[in-house]
Amino acid sequence: TALTLLHRLGVAQLGTVHFNIAICLVEEQKFSEAEPYFHKVHQTLTALGNKGYLGISHLGLATCAGARGDWTAWQNHLDHSQTFIDQAAIVLPDIPILATAAMHPASAAHRPDDADRLRQLAISQWTKLQRFDDAAKLTN
């Protein structure tokens with residue numbers, strides 16, 4: 001596969017590749033396939049100490065945990081995600097994409113407070129990115 005070739009070539013940004021694959025899989029609602037990629041990215045970011053992106057990897061892992069109904073892991077990752085994203089004051093489109101994806105399992109599991117927390121995070125991020133149409137879609 002292309003990923004195997006990149007790995008053999010020693011591409012320095014393999015973490016970015018893994019992250020982008022995971023995001024694409026989440027957008028296709030293939031959470032079980034996305035999770036191993038988020039774990040790889042999470043390990044790399046933990047070693048690097050990059051709190052902003054570590055917060056995004058926690059959000060990705062929370063999304064996957066929620067999709068499989070592991071609410072203990074969900075809460076752990078969601079709490080870490082919010083802490084790191086807030087500390088780093090990071091604003092990226094990946095955050096509201098993941099937050100929106102994570103809202104659905106929370107709603108389905110009758111966790112309205114968690115779903116609202118994610119909705120607010122997504123709205124805040126879209127607004128900071130001046131993507132007001134995307135933010136408005138979440139207010140209706």
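**Exercise 1.** In this predicted model, find the residue that follows α7 and state the sign of its phi.

*Solution.* Moving past the end of α7, one comes to glutamine 130, whose phi is positive, near 60°.

**Exercise 2.** Work out what span helix α7 should have at 1.5 Å a residue, and compare this with the distance between its end C-alpha atoms.

*Solution.* Helix α7 covers residues 112-128, which makes 17 residues. Because the expected span is 1.5 Å times one less than the number of residues, the helix should span 24 Å, and its end C-alpha atoms are indeed 24 Å apart, so the two values agree.

**Exercise 3.** List the buried residues of α7 and identify the helices against which they pack.

*Solution.* Taking buried to mean under 20% relative accessible area, one obtains Asp114, Ala115, Leu118, Leu121, Ala122, Ile123, Gln125 and Trp126. These buried residues pack against α4 (51-67), α5 (71-88), α6 (94-108) and α8 (132-137).

**Exercise 4.** Determine which members of the largest nonpolar core touch the most other members, and then trace the contacts of leucine 59.

*Solution.* The core holds 40 residues, of which Phe38, Leu59, Trp74 and Leu118 touch the most other members. At least two residues of this core come from each of α2 (14-27), α3 (31-48), α4, α5, α6 and α7. Leaving aside residues up to four places away in sequence, leucine 59 touches Leu78, Ser81, Ile95, Leu98, Ala99, Leu118 and Leu121. Two of these partners, Leu118 and Leu121, are also among the buried residues of α7.

Methods. Residues are numbered from 1 along each chain as its sequence is written. This is a predicted model: local features need pLDDT of at least 70, side-chain atom pairs count only at pLDDT 80 or more; totals for chains, interfaces and linings use all residues. Side-chain values use heavy atoms; hydrogens and water are left out. Helices (H or I, at least four residues) and strands (E, at least two) are DSSP runs, numbered from the N terminus. Buried means under 20% relative accessible area, exposed over 50%, partly exposed in between (1.4 Å probe, protein chains only). Contact means heavy atoms within 4.5 Å. A nonpolar core is a set of buried Ala, Val, Leu, Ile, Met, Phe, Trp, Tyr and Cys residues joined through side-chain atoms within 4.5 Å.
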